[in-house]
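Colleague: I should be grateful for a close look at a single part of this protein, explained for a first-year student. Please choose one strand and follow its surroundings outward.

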Amino acid sequence: MQVLLLGASGRIGRRIANELLDRGHGVTGVSRSGTVEGVDDDDFVAVSGDATDPDDVARLATGHDAVASALGPSEDESPDVLTEMLDGVVEGMRRADVDRLVWTGGAGILQVGPDTRLIETEEFPEEWKPLASAAIDAYGHLEEATDLRWTYLAPAALIEPGERTGDYRTATGELVADEDGDSYVSMEDFAVAFADELENENGVHDVLAVGY
Ligand SMILES: NC(=O)c1ccc[n+]([C@@H]2O[C@H](COP(=O)([O-])OP(=O)(O)OC[C@H]3O[C@@H](n4cnc5c(N)ncnc54)[C@H](OP(=O)(O)O)[C@@H]3O)[C@@H](O)[C@H]2O)c1
């Protein structure tokens, strides 16, 4: 599969790029800088583009089988730019006639009880709220794009660089936590889940949570 990966230079994006390349897929990796460290493969091309610009996305997505996103706002930007990115990606994909999208979301949206999302719990760190709530707003826009075959892939509450074990669990709309209530996934295993979702399409039009 030829995948246009937006946010390829990011912490999660680089790992998704390497996972896809290890499986024999071709990856065009997009960031505004156009440089991607830590990914070196004949089937990888790093390009520059702005996800908030539908013309850029359309130009870059043309000829690809799917679009993947590990986009995240820079520290000097408002988290609300995530919604602008989502809108740019969706519109660009429509223009390029590419209809498959896997989007890296946030854990804040996930249910931890019948009427409670993770972001609404007392334990949810105050400093994560602006980004978590921007990720939920972006989901609201994605949900309306029913003409695309999208999946909103949400990491566990904690996702960090770690080991690739190849093991993970998913749940539709619900936080994945272990028996102690800890919700964690390594970025490497999130990348495994991401590539599996691109290949198998188990979560089209779903919020799919990933954890151990
Ligand atoms: N537990 C959780 O819920 C959790 C935890 C961590 C991360 N996340 C989510 O996962 C996503 C990725 O996180 P991360 O830590 O890997 O992010 P990151 O390291 O900050 O990477 C962000 C990537 O997006 C690119 N980018 C930013 N704005 C862009 C634009 N307008 N056009 C094109 N590319 C753009 C950046 O490259 P340039 O700056 O060069 O453009 C970079 O490649 C984020 O949405 C974050 O919210 C969720």
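Modeller: The part chosen is strand β5, which comprises residues 100-104 and is mostly covered, since 5 of its 5 residues are buried. The model is a predicted one, and what follows should be read in that light.

Consider first the side chains of β5. Arg 100, Val 102 and Thr 104 point one way, Leu 101 and Trp 103 point the other way, and all are buried. The strand is thus covered on the side of Arg 100, Val 102 and Thr 104 and also on the side of Leu 101 and Trp 103, because every one of these residues is buried, a term that stands for under 20% relative accessible area.

The next matter is the company that β5 keeps. Strand β4, residues 66-69, runs parallel to β5 and is joined to it by 3 bridges. Within this pairing, Val 67 has Leu 101 as its bridge partner in β5. Between the two strands the chain passes through helix α3, residues 81-96, and this β-α-β crossover from β4 to β5 is right-handed. Ala 68, for its part, stands opposite Val 102 in β5.

β5 also pairs with strand β8, residues 149-154, again in the parallel sense, over 5 bridges. Here Val 102 stands opposite Thr 151 in β8. Val 102 therefore faces Ala 68 of β4 as well as Thr 151 of β8, and it is itself buried, because its relative accessible area is under 20%.

Strand β4 deserves a look of its own. Both of its faces are covered: Ala 66 and Ala 68 lie on one side, Val 67 and Ser 69 on the other, and all are buried. Ala 68 is found in this strand, and it counts as buried because its relative accessible area is 0%, which is under the 20% limit. From Ala 68 to Glu 127 the separation is 59 residues in sequence and 27 Å in space, C-alpha to C-alpha. β4 is also joined to strand β1, residues 2-6, by 4 bridges, and these two strands run parallel. In that pairing, the bridge partner of Leu 6 in β4 is Ser 69.

Just ahead of β5 is a loop. Asp 97 has its place in the loop between α3 and β5. This residue has a positive phi of about 60 degrees although it is not a glycine. As background, most residues other than glycine have a negative phi. Asp 97 is classed as exposed because its relative accessible area is 73%, and exposed requires over 50%. A second case is His 205, a residue other than glycine whose phi is near 65 degrees, a positive value. His 205 is found in the loop between α5 and β12, the latter being residues 207-211. It counts as partly exposed because its relative accessibility is 36%, a value between the limits of 20% and 50%.

β5 also takes part in a pocket. The largest pocket has a volume of about 1,200 Å³. It is lined by 47 residues, of which Ile 12, Leu 71, Gly 72, Pro 73 and Leu 131 are the closest to its centre. At least two residues of this lining come from each of α1, β2, α3, β5, α4 and β9. Helix α4 gives the most, with 4 residues. By class, the lining has 27 nonpolar, 14 polar and 6 charged residues.

The second largest pocket holds about 160 Å³ of space. Among the residues that line it are Val 112, Leu 118, Glu 123 and Tyr 184. Its lining divides into 6 nonpolar, 2 polar and 2 charged residues.

Finally, the wider setting may be described. An unreviewed UniProt entry lists residues 7-200 as "domain: NAD(P)-binding". The end C-alpha atoms of residues 7-200 lie 22 Å apart, and the span is 34% helix and 21% strand. Helix α5, residues 187-200, contains Phe 190. Phe 190 counts as buried because its relative accessibility is 0%. Although Phe 190 and Ile 16 are 174 residues apart in sequence, they are 8.1 Å apart in space, C-alpha to C-alpha.

In summary, β5 is a strand whose residues are buried, paired in parallel with β4 and with β8, and it supplies at least two residues to the lining of the largest pocket.

Note on methods. Residues numbered from 1 in each chain as written. Predicted model: local features only at pLDDT ≥ 70, side-chain atom pairs only at ≥ 80, totals over all residues. Heavy atoms only, no water. Buried < 20%, exposed > 50% of the residue type's maximum accessible area, 1.4 Å probe, protein only. Pairing = 2+ DSSP bridges. Right-handed = clockwise from strand over helix to strand, strands pointing away. 1 Å grid on protein atoms, 1.4 Å probe; cavity = no way out; pocket = protein on both sides within 12 Å on 5 of 7 lines; lining within 4 Å. Points joined across faces, edges and corners; volume = space filled by probe spheres on them. Nonpolar A, V, L, I, M, F, W, Y, C, P; charged D, E, K, R; others polar. UniProt positions renumbered as here; feature names shortened; annotations may be inferred.
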